Amino acid sequence: MSNPRLLVVENDADDDARRLGDWLTDAGAELHVVRAHAGEPLPESLAGYQGVVVLGGAQPAYDTDGVPASPWFPALRNLLREAVAERVATLGVCLGGQLLAGALGGRVEPAASGPEIGAFLVAKRDVAESDPLFAMLPFTPDVYQWHVDEITALPPGAVLLASSPRVPNQAYRVGPKAWGVQFHIECDQPMLESWADGDTGSLARAGLDAETVLARCAAVEDDVEEVWRPFAGRFVAVASGRGVGPGVPLPVVNL
């Protein structure tokens with residue numbers, strides 16, 4: 001299958017697929033974008049899709065007093081469980097990665113170190129050298145961070161792929177084809193500027209000013225694309241059923 005169809009779920013009007021969407025389509029994917037934040041319904045199942053991408057958002061991934069932060073989250077969690085069970089290629093970005101973790105038995109809580117915002121490095125774990133998406137990344141790739149919660153417990157059986165001193169669970173895989181990342185790779189500078197403009201106190205809590213944060217993000221924009229554009233291409237290859245390079249087979253995981 002050369003042109004996989006990917007379901008892309010937008011959870012927040014301020015976080016669309018942006019550059020990640022361009023990289024996925026450039027690699028041959030067909031995107032079906034569902035703007036759940038605007039009331040567009042999620043599909044009842046993943047029939048007809050070869051991949052799922054769940055994007056970020058300002059809302060928490062966990063329920064409060066039994067009430068989900070967004071009304072479509074229960075249905076989205078069910079789709080994520082289906083994706084893992086049926087081995088449909090899955091990528092959760094920031095909130096999306098948190099929702100994936102929570103749907104499979106992990107835990108998400110307010111970040112112990114407070115908000116993490118700006119351009120940072122994350123470090124690959126040794127086990128990532130056998131992962132079909134992460135094996136070809138540099139040891140410490142540049143990423144964008146903009147979150148106030150974190151994954152404090154990975155789902156049972158998950159493999160930690162990247163970490164950092166401040167937020168240990170930066171990237172993971174569960175099953176052979178589902179990945180979650182705590183950081184952002186989709187952003188361009190206008191998106192980051194809109195987040196800074198709409199900030200409701202997270203920058204101040206982190207002791208940061210918007211101008212400095214945006215300048216540091218702009219400085220690594222090309223580096224982010226150099227690393228994560230090929231990553232997106234490898235995700236499309238996994239979704240299509242093609243190989244992703246010699247020596248990097250899909251892992252065999254029983255769930």
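A residue counts as buried under 20% relative accessible area, as exposed over 50%, and as partly exposed in between. By that scale R18 is partly exposed, because its relative accessible area is 28%. The structure described here is a predicted model. Its features include an open sheet of eight strands, a nonpolar core of 48 residues and a second, separate core of 28 residues.

**The eight-stranded sheet**

- The strands of the open sheet follow the order β2-β1-β3-β4-β12-β11-β10-β7, and their pairing is mixed.
- At the edges stand β2 (30-35) and β7 (123-124), each of which pairs on one side only.
- Within this sheet, β1 (residues 5-10) runs parallel to β3 (residues 51-54), and four bridges join the two strands.
- One of the paired positions links L7 to V52, its bridge partner in β3.
- As general background, the strands of a sheet pair through backbone hydrogen bonds, in either a parallel or an antiparallel sense.

**Helices on the sheet**

- Helix α2 (residues 73-85) packs on the sheet and touches five strands by name: β1, β3, β4 (89-93), β11 (171-174) and β12 (178-181).
- The direction of α2 makes about 140° with that of β3.
- Helix α7 (residues 221-240) lies across β1, β3, β4 and β12.
- Relative to β4, helix α7 runs at about 145°.

**The nonpolar cores**

- The largest nonpolar core contains 48 residues, and L20, L24, F134, W228 and F235 have the most contacts inside it.
- Helix α7 gives the most to this core, contributing nine residues.
- Beyond its neighbours within four places in sequence, F235 is in contact with L6, L24, V52, V53, A89, T90, L91, L133 and W179.
- The second core is separate and has 28 residues, including Y49, L76, V84 and L95.
- In soluble globular proteins, nonpolar side chains tend to be buried together.

**The packing of α2 with α3**

- Helix α2 packs with helix α3 (residues 95-103) at an angle of about 75°, and the two axes are 9 Å apart.
- Angles of 65 to 115 degrees count as roughly perpendicular, so α2 is roughly perpendicular to α3.
- From α2, the contact is made by F73, L76, R77, L80, R81 and V84.
- From α3, the residues taking part are L95, L99, L100 and A103.
- Classed by type, the residues of this contact comprise eight nonpolar, two charged and no polar.

**Strands β6 and β8**

- Strand β8 (residues 142-147) is mostly covered, with six of its six residues buried.
- D142, Y144 and W146 point one way from β8, whereas V143, Q145 and H147 point the other way, and all are buried.
- Strand β6 (residues 116-121) pairs with β8 in the antiparallel sense over six bridges.
- Among the paired positions, F120 has V143 of β8 as its bridge partner.
- I117 lies in strand β6 and counts as buried because its relative accessibility is 4%.
- Residues up to four places away in sequence aside, I117 touches Q145, W146, S202, L203, L208 and V213.
- I117 and A204 are 87 residues apart along the chain, and their C-alpha atoms are separated by 11 Å.

**Residues with a positive phi**

- Most residues other than glycine have a negative phi.
- R18 is not a glycine, yet has a positive phi of about 45°.
- R18 is found in helix α1 (residues 18-26).
- C94, also not a glycine, has a positive phi of about 55°.
- C94 lies in the loop between β4 and α3, and counts as buried because its relative accessibility is 5%.

**A36 in a loop**

- A36 is found in the loop between β2 and β3.
- With a relative accessibility of 5%, A36 counts as buried.
- The residues that A36 touches, not counting those up to four places away in sequence, are V9, E10 and W72.
- A36 and E109 are 73 residues apart along the chain, and 23 Å separates their C-alpha atoms.

Note on methods:
Residues numbered from 1 in each chain as written. Predicted model: local features only at pLDDT ≥ 70, side-chain atom pairs only at ≥ 80, totals over all residues. Heavy atoms only, no water. Pairing = 2+ DSSP bridges. Contact = heavy atoms within 4.5 Å. Axes fitted to C-alpha atoms, helices over the stretch in contact; angles between N-to-C directions. Core = buried A, V, L, I, M, F, W, Y, C linked by side-chain atoms within 4.5 Å. Buried < 20%, exposed > 50% of the residue type's maximum accessible area, 1.4 Å probe, protein only. Parallel < 35°, antiparallel > 145°, perpendicular 65-115°, else oblique. Nonpolar A, V, L, I, M, F, W, Y, C, P; charged D, E, K, R; others polar.
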